[in-house]
Amino acid sequence: MEKKEYKATLNLPKTSFPMKASLNTREPLLLENWAKEDLYGKMVSLRKGREKFVLHDGPPYANGDIHMGHALNKTLKDIVVKYKTMRGFQSPYVPGWDCHGLPVEHQLFRELGIGKHQIDRRVFREKARDYALRYVSVQREQFKRLGIFADWGNPYLTLDPAYQAKIVECFGKLYLDGYIYRGLRPIHWCATCETALAEAEVEYDEHRSPSIYVAFSVVSGLDKAFPGLGEAELLIWTTTPWTLPANRAVAVRPEFEYSAVRVGARILIIAKELLDRVMADIGVKEFGIVGSCRGKALEKLRVRHPLVERESPIVFSEHVTLDQGTGCVHIAPGHGDEDYQVGRRYGLDVFAPVNEKGEFTKEAGIFAGLKVEDANGKIIEHLRSRGTLLASREVVHSYPHCWRCKNPIIFRATTQWFLGVDRKGLRERALAIIKSVQWIPERGQNRIGSMIENRPDWCLSRQRLWGVPLPILYCEACGEAIVTEGTLQLIRSAVAERGADVWFIEPAEAFIPHGFACPSCGGKEFRKEEDIIDVWFDSGISHQAVLAARAELGYPCALYLEGSDQHRGWFQTSLLTSIALRGDAPFSAVLTHGFIMDGEGKKMSKSAGNVIAPQGIIDRYGADILRLWVASVDYSVDVRISEEILDHLVDAYRRIRNTLRFLLGNLYDFSPERDSVPCDRMEEIDRWILSRTERLLAVVTNAYERYDFCEVYHQIYNFCAVDLSSLYLDILKDRLYTRAAASPERRSAQTAMKRILDILVKICAPILAFTAEDAWREIPGRPENQVSIHLSDWPIRDDHCVSEALEGEWEKLLEVRSEVSKALEVARQGGAIGNSLGARVTISCAEGDLLLLLEEKEEMLADLFIVSQVTVQAVPKAREGEQLSVTVLNAEGKKCGRCWRYSTSVGGNGDHPTICSRCVEVVD
RNA sequence: GGGCCUGUAGCUCAGUUGGUUAGAGCGCGCCCCUGAUAAGGGCGAGGUGGGUAGUUCGAUUCUACCCAGGCCCA
């Protein structure tokens, strides 16, 4: 027989699982196939009656294409859902979208090229609805392309009439339960957009403001603090002179020390620690301290308003600091949140003589009609003329701006509707319930806890167009707010039937029960509230509109999974409403992830030009590469992505894919029922790798349970690269290819490979959703009725082949193998050998346990080292550290033309003069 | 400015309850193979552990400050 013909007698790998993935063309075909099979539907129905694990989707905003943040978030969710499904849970996943709110309004106004007052509300709302629905469908297709399994045909949308009705219902219930109140309160207000802004709608940016020092002369009580001083002035510092007309107090800190300082003809009271800085700032070089006291002693003082004829009290506030200013802080409860809080404590008047356009009202006296920004100059002049101005300059500092129009905004007291966080002990209950929720990572508990502890009441009203109306009516006669079971019932059913637009179509009477009269004055005429509800309320009650409303889900659910910014957003709004409405948290656990950064750890932005979009990654590499990236990073902190990182993932993917391919390729003639070899009759190395594989399964399963996907990734990857590719499979080639196809040795290897493949493909499946599916379909002996790996069960651990002792021995053998490799490399570099099969290795080992082990395993060492011959030699006990030495010589005999190993038996058979005796047996 | 968080080889991650020469895989360099072949294998070189100061016999691991970056808030 010729050399070439011997090749035909080998069992070389065969598989239709291609080396080249071509994910960008292959994945869409799988998606089509999954859709045709209704895989999501099957996934849910397969687990009917099983224990539930519901991950509740936080609704992304229906605006624009999805970005990496969306991709990360949805992929993490999908990994969880796929894993839990394989574990046997019923894990339905209903996706949602947040459809109302300012972003849609902004985009739409931009597209239409008009402003808030230039369009009919009903016409605008129709357009807004179309706009949101357009992006729902854009994003839905983009999410599907990522391989996310979800109830795409039946998502939840906050603009659905049923959802809107639930918003009305929840608001109504909270109202009737006493959580909602109407109050005058300063809020962020954009005078340009003429609207209140939510906290999330405020951006901080540099702004140039006046920086002035103003004296408030003490009119009474001075003797108590500074006996005998006669007269003095409290010095304050502010960057918003326009808030001075609304001044209602001056705040100090009781524990600070205050000095009375003579400056020229006047005596100023300033916090002692800030004295030098203030004097330098107002340009005073000479001054003398004439008295000193604690802030506490200032409490009974009254001071004269610097602009108008009135008096202000001194109050205490923790927010007075020594960072800047004078230690005396001007308080305008109508124009600042902290001021408001202080004012509430002291019963101060919430005064804000500024209208919605940012102009002073007639209550502001001589400043009436001026825009507040423009009034600063006039106010400063006025102070100067009254002799109360000590210094005036300008300062550039961080200042709130409107996220839409980018103009500086103001704090302005307006009538708003609030959810009282301290009503009925809500805050305290929330703080307690937080402790019973599992936060992943744990620091999330601390984070949301301190936020809830400090958060102000929730302003629920918005002066906008696109949202659900506040279901409140007012008596025309007396202004009484009307919210009753009766009105709510009418509103709720009208909204459920016709959508929230009905509020703006029908007259107020449509929502008034027959014969109803104002309980306060008996009035019969009513008008509707014009404001809408904050969109955070929309998504915040999804636990009622979705979890509680859909039988397949259920309230509460197992997990919320969002970016860490949602500690202030959705987690909190969901928690507060859920506790108020149902008395408990809507989730058992909350998992958060970080944000996407570029390769340098900087945030992505158009202007920096470092944006990487998911669509680009999918087009170039495929969704599985993106999914693998998601799994590879530690999402508990910010994650990075760059071309370099993606390149590495492509390499890693290829390694995993080729490992699967090699396993598949060597199982083409293996029938599990017919050919499996029981564990006790397997080759030792096969038992060893099975032991390792079971260990991998245990470690990976545990990592999935902890949502530690990057551990999963590293374990799988290292197993493929190290245990399999460079070791086990490399050694196995000889046996697989050259032994008789049905020999026990080869079947033993295949039995192991089949088990490895089953496990590997399944533990990859939640991550490599597409690749695992393709590989799985190629596995021999798979039950025909299972249409998808995603409908299969998680592997059950088989302890039969697990052996600590065996793994322990092998750890030592592998150390020897590493020594042999080094020696082989030296021989190779010296040109003595090429392929390691050209070598004969002699191991000299000192007497001891290792020697005994090597002698025991001597027969298999040549296979283990992939050389032709191995001899183990005992040497006398050597010095420490020189237990082992390896000698490499050319192999004995001739190279077998079939198995390529060197053997003295080559030439021994007349019929087959070019092959070794072992191969002769196989060929004959 | 405040709260929370991050900073270990080019990359992704380990680890150290303070203790001998800080690990893995990839990438990189050199080499081998050509029966996983747009694959496979071997060897090797890479880290002042963000910086400074302190506590300690000893710090990457503890403390303070600083720098860089992130989320949230002001």
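**Exercise 1. Find what follows helix 7, and describe the helix itself.**

Solution. Begin just past the end of the helix: helix 7 is followed by Gly178, a residue whose phi is positive, near 90 degrees. As throughout these exercises, the model examined here is a predicted one. Next, consider the length of the element, for helix 7 covers residues 161-176, which makes 16 residues, and from its first C-alpha to its last it reaches 22 Å, close to the 22 Å expected at 1.5 Å a residue. Finally, look at burial: the buried residues of helix 7 include Tyr163, Ile167, Phe171 and Leu174. To read such a list, recall that an α-helix has 3.6 residues a turn, so residues three or four places apart point the same way.

**Exercise 2. Determine whether Gln869 is buried or exposed, and which residues its side chain reaches by polar contacts.**

Solution. First locate the residue, which lies in strand 29, a strand made of residues 869-875. Then apply the cut-off: buried means under 20% relative accessible area, and because its relative accessibility is 15%, Gln869 counts as buried. Now follow the side chain of Gln869, which reaches the backbone nitrogen of Glu892 at 2.8 Å and the backbone oxygen of Tyr902 at 3.1 Å. Lastly, leaving aside residues up to four places away in sequence, Gln869 touches several others, among them Ala839, Arg840, Val841 and Ser903.

**Exercise 3. Describe how the protein surrounds RNA strand B.**

Solution. Start with the count: 55 residues surround RNA strand B, and the closest are Gly601, Asp634, Asp638, Arg661 and Tyr737. Sugar and phosphate make up 79% of the strand B atoms that come within 4 Å of the protein. Sort the surrounding surface by class, and it has 22 charged, 17 polar and 16 nonpolar residues. Then examine single contacts: a polar side-chain atom of Tyr737 lies 2.9 Å from a phosphate oxygen of RNA strand B, while a polar side-chain atom of Asn718 lies 3.1 Å from a sugar or linking oxygen of the strand. For Ser632, a polar backbone atom is 2.8 Å from a sugar or linking oxygen of RNA strand B.

**Exercise 4. Decide whether chain A is a compact globule or more spread out.**

Solution. Note first that chain A contains 30 helices and 32 strands. Compare the radius of gyration of chain A, 38 Å, with the 29 Å that the globule rule gives for 924 residues; the former is well over the latter, so the chain is more spread out than a compact globule. Its C-alpha trace spans about 125 × 75 × 45 Å along the principal axes, and 57% of the 924 residues of chain A count as buried.

Definitions and conventions
Residues numbered from 1 in each chain as written. Chains lettered and ligands numbered in written order. Predicted model: local features only at pLDDT ≥ 70, side-chain atom pairs only at ≥ 80, totals over all residues. Heavy atoms only, no water. Helix = DSSP H or I, 4+ residues; strand = E, 2+ residues; numbered from the N terminus. Buried < 20%, exposed > 50% of the residue type's maximum accessible area, 1.4 Å probe, protein only. Polar contact = N/O pair within 3.5 Å; in protein donor to acceptor, adjacent residues only side chain to side chain. Contact = heavy atoms within 4.5 Å. Near = heavy atom within 4 Å. Nonpolar A, V, L, I, M, F, W, Y, C, P; charged D, E, K, R; others polar. Expected span 1.5 Å × (residues − 1). Rg over C-alpha atoms; globule rule 2.2 N^0.38 Å.
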